[in-house]
Amino acid sequence: MINLLLFPILIPLLFAAILLFFPKNISLQRIISAAAAVATLISVLFLLLKVKADGVQAVTLGSWDAPFGITMVSDMLSVLLVLSATIITLFVIFYSMPTIGIDREKSFYYPAVLFLLVGVNGAFTTGDIFNLFVFFEVLLMASYMLIVHGGEKPQLRESIKYLLVNVISSALFVAAVAFLYSVTGTLNMADLAVKIPQIEETGILTVIAVMFLVVFGFKAAIFPLYFWLPGAYHAPPIPVLALFGALLTKVGVYAIIRTYTLFFTMNIAFTHELLGIIAILTILAGCIGALAYFDVKKIIIYNIIIAVGVILFGIAQMNEAGIEGALFYLVHDMLIKAALFFLVGIVAVIFGTSNLREMGGLMKTYPVLGWVYLIAAFGLAGIPPLSGFPGKLLIVQGGFEGPQFWGSIVVLATSLLVLLSAIRIFIYAFWGEPVKIVPLKKRSYYQMFVPAVILVGITVILGVGAELFMPLINGAGEVLLNPSIYIDAVLKE
Amino acid sequence: MRTNDVMLKTATKVVTFIILMFAVHIFFAGHYTPGGGFVGGLLTASAIVLLMLAYDIETVKKIIPVNYVMLTAIGLLIALSTAAASIFFNVPFFTHAYDYFDLPLFGKTSLHSAALFDLGVYLVVVGVTMTIIQTIGEDE
């Protein structure tokens with residue numbers, strides 16, 4: 001089966017097209033979309049085994065040879081990210097059923113979620129820089145639809161801003177690709193990695209590298225370019241927010257990781273130091289936001305920005321510890337953010353508001369929810385047995401080994417602020433005097449709570465069993481540190 | 001409030017068919033000359049838009065009773081299954097098949113699976129364009 005690595009893209013696409021035929025039949029929509037996510041998950045697991053056994057998988061579409069056709073490449077990094085994205089989408093579909101509302105479900109909600117998964121999985125798998133652009137557009141189109149879906153007033157307002165920012169950054173992306181193409185004459189990523197070291201004028205390539213950082217920085221919300229994210233992510237309902245917070249910025253982070261390890265390595269002293277400085281500023285900006293707000297959604301949204309900074313700081317070190325730590329933290333962060341948004345969503349539904357000041361005393365009525373939230377918050381901050389710890393430890397170690405030791409100190413210090421911001425939700429919502437709560441049906445409570453608990457459970461396993469997962473992370477890091485493995489797999493030399 | 005649009009309606013009756021034939025021509029010419037599914041689809045949509053201008057949306061719905069969202073989905077499925085057929089032959093996705101056939105009327109003709117993919121593109125373009133125009137047009 002040489003096409004195995006395409007299945008995580010094709011299965012959701014096929015099911016999304018089928019779902020377009022009967023938008024009004026909600027039960028069928030629910031069953032088929034859940035089945036699509038499960039089928040995708042199974043195919044990703046097979047792909048994971050295949051990549052683990054046989055190394056990097058590559059297929060060039062249409063049987064054309066490698067630099068001429070579109071290559072799809074599945075190395076360990078992309079498989080791990082596709083796996084996390086698929087797990088999250090599966091749980092988002094389950095979480096959507098009780099929360100998203102009949103009206104939204106009737107107007108193509110589930111096809112949009114599946115199309116988003118198509119775009120995300122495609123962006124993680126592609127080995128062609130223009131194809132990456134196309135998959136970015138696929139996931140952005142689906143996200144435009146999801147952000148405005150329902151048509152409430154804040155959604156309409158924020159979707160205009162979101163659309164405007166993304167249209168501009170997409171236009172910049174095309175311009176950057178055009179510059180790269182005019183310098184190198186190729187679009188295939190492996191071929192680019194071969195051609196770029198042969199070019200002697202590194203000046204223009206450094207400019208292009210920074211342009212790509214700006215483009216992907218818009219998508220990933222790095223320091224000066226994150227201004228659109230807090231407002232835009234606050235507008236849509238919780239399941240959509242969980243999907244966005246867990247997946248969309250991470251695609252931008254992945255694109256930075258891929259371009260900055262595979263081909264923009266000609267002037268590391270400039271580009272990667274810039275990346276490191278921006279990463280630290282991103283962390284600080286995120287921390288300020290996370291502490292400033294009394295809104296549960298806003299606090300977690302600013303934590304997305306912090307995590308983006310932490311991951312990029314690890315990548316900027318370009319040593320083994322830094323990159324492996326960043327990859328571990330990336331997978332951990334996708335899962336924990338989805339779990340946190342699920343939990344915060346339940347809290348917001350119970351109180352009927354997302355304002356922390358109007359909450360209190362939930363520990364007496366929902367103790368299990370409280371403890372699960374506490375575990376997730378500790379996981380987010382990186383308390384040792386939980387999943388945030390191994391990644392951050394390696395990133396800090398990478399920083400101390402690299403030139404930017406002061407960055408590691410910032411990462412360590414801001415972990416405390418992350419913990420503070422997450423614990424503040426716990427203190428305000430779960431401790432104190434009970435306030436009036438909205439009665440919630442037991443059945444819909446469990447429908448929301450079970451996906452959240454399972455996701456938290458997965459992150460706990462990821463943290464406690466870090467030894468089990470490290471070989472996978474090692475494999476992913478090895479490909480990033482030795483681009484020749486990637487190039488050989490694609491160009492078959 | 002169209003009081004006297006006999007000319008428009010009569011001209012439309014003639015012109016629509018010419019546009020539709022031209023769309024089909026462009027669609028089939030796409031492999032060797034400029035054209036293909038995208039322009040073919042846009043031309044077809046423009047023919048339907050001309051009908052909508054001369055008559056009104058309800059009448060056009062009666063003339064062409066098609067659900068355009070479904071048409072888009074069908075187009076997607078055709079394009080996807082054409083590309084995915086290569087999976088069953090264990091060759092890379094999107095590998096296209098072609099051969100020469102002696103057809104009764106056309107003589108020796110080459111038939112490509114790429115044309116089926118183009119048919120999918122054509123249906124998606126018609127479906128999406130008409131969905132946009134119809135929803136905006138019906139909006140009060």
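Helices, of at least four residues, and strands, of at least two, are DSSP runs numbered from the N terminus. With that naming in hand, a good place to begin in this predicted model is Phe94(B), which is found in the loop between H4 and strand S1 (98-103) of chain B. Phe94(B) is not a glycine, yet its phi is positive, at about 80°. Most residues other than glycine have a negative phi. With a relative accessible area of 36%, Phe94(B) is partly exposed.

Chain A offers a similar case for the reader to look up. Met318(A) sits in the loop between H13 and H14 of chain A, and its phi, near 55°, is a positive value in a residue other than glycine. The relative accessible area of Met318(A) is 21%, so this residue counts as partly exposed.

The helix that Met318(A) follows is H13(A). At 1.5 Å a residue, the 21 residues of helix H13 (residues 296-316) of chain A should span 30 Å, and the 31 Å between its end C-alpha atoms agrees with this. Because 21 of its 21 residues are buried, H13(A) is largely enclosed by the rest of the structure. At the start of H13(A), a side-chain oxygen of Asp295(A) comes to within 3.0 Å of the backbone nitrogen of Lys297(A).

Helix H3 (residues 76-99) of chain A can be described in the same manner. Its 24 residues reach 34 Å from the first C-alpha to the last, close to the 34 Å expected at 1.5 Å a residue. Of these 24 residues, 21 are buried, so H3(A) too is largely enclosed by the rest of the structure. Just after H3(A) comes Gly101(A), with a positive phi of about 95°.

Turning to the interior, the largest nonpolar core holds 205 residues, and those touching the most other members are Phe212(A), Tyr233(A), Phe263(A), Leu369(A) and Tyr373(A). Helix H14 (residues 320-351) of chain A gives the most to this core, with 22 residues. Another core lies apart from it and has 14 residues, including Ile48(B), Leu51(B), Val60(B) and Val126(B). Leaving aside residues up to four places away in sequence, Phe263(A) touches Ile129(A), Leu180(A), Met189(A), Leu192(A), Ala193(A), Ile196(A) and Arg258(A).

Empty space was searched for as well. Across the whole structure, 1 cavity of 30 Å³ or more is found, and the largest cavity has a volume of about 70 Å³. Among the residues lining this cavity are Phe136(A), Tyr162(A), Asn166(A), Lys219(A) and Trp228(A). H6(A) provides the largest share of the lining, 3 residues. Asn166(A) lies in helix H7 (residues 153-184) of chain A and counts as buried because its relative accessibility is 2%, where buried means under 20%. Beyond its sequence neighbours up to four places away, Asn166(A) touches Leu140(A), Tyr144(A) and Lys219(A).

The largest pocket has a volume of about 1700 Å³. Its lining comprises 47 residues, of which Phe115(A), Thr72(B), Leu76(B), Val124(B) and Val128(B) lie nearest the centre. Helices of chain A and chain B each supply at least two residues of this lining, among them H5 (109-125) of chain A and H4 (68-88) of chain B. H5(B) gives the most, with 13 residues.

Key: Residues numbered from 1 in each chain as written. Chains lettered and ligands numbered in written order. Heavy atoms only, no water. Core = buried A, V, L, I, M, F, W, Y, C linked by side-chain atoms within 4.5 Å. Buried < 20%, exposed > 50% of the residue type's maximum accessible area, 1.4 Å probe, protein only. Contact = heavy atoms within 4.5 Å. Expected span 1.5 Å × (residues − 1). Polar contact = N/O pair within 3.5 Å; in protein donor to acceptor, adjacent residues only side chain to side chain. 1 Å grid on protein atoms, 1.4 Å probe; cavity = no way out; pocket = protein on both sides within 12 Å on 5 of 7 lines; lining within 4 Å. Points joined across faces, edges and corners; volume = space filled by probe spheres on them.
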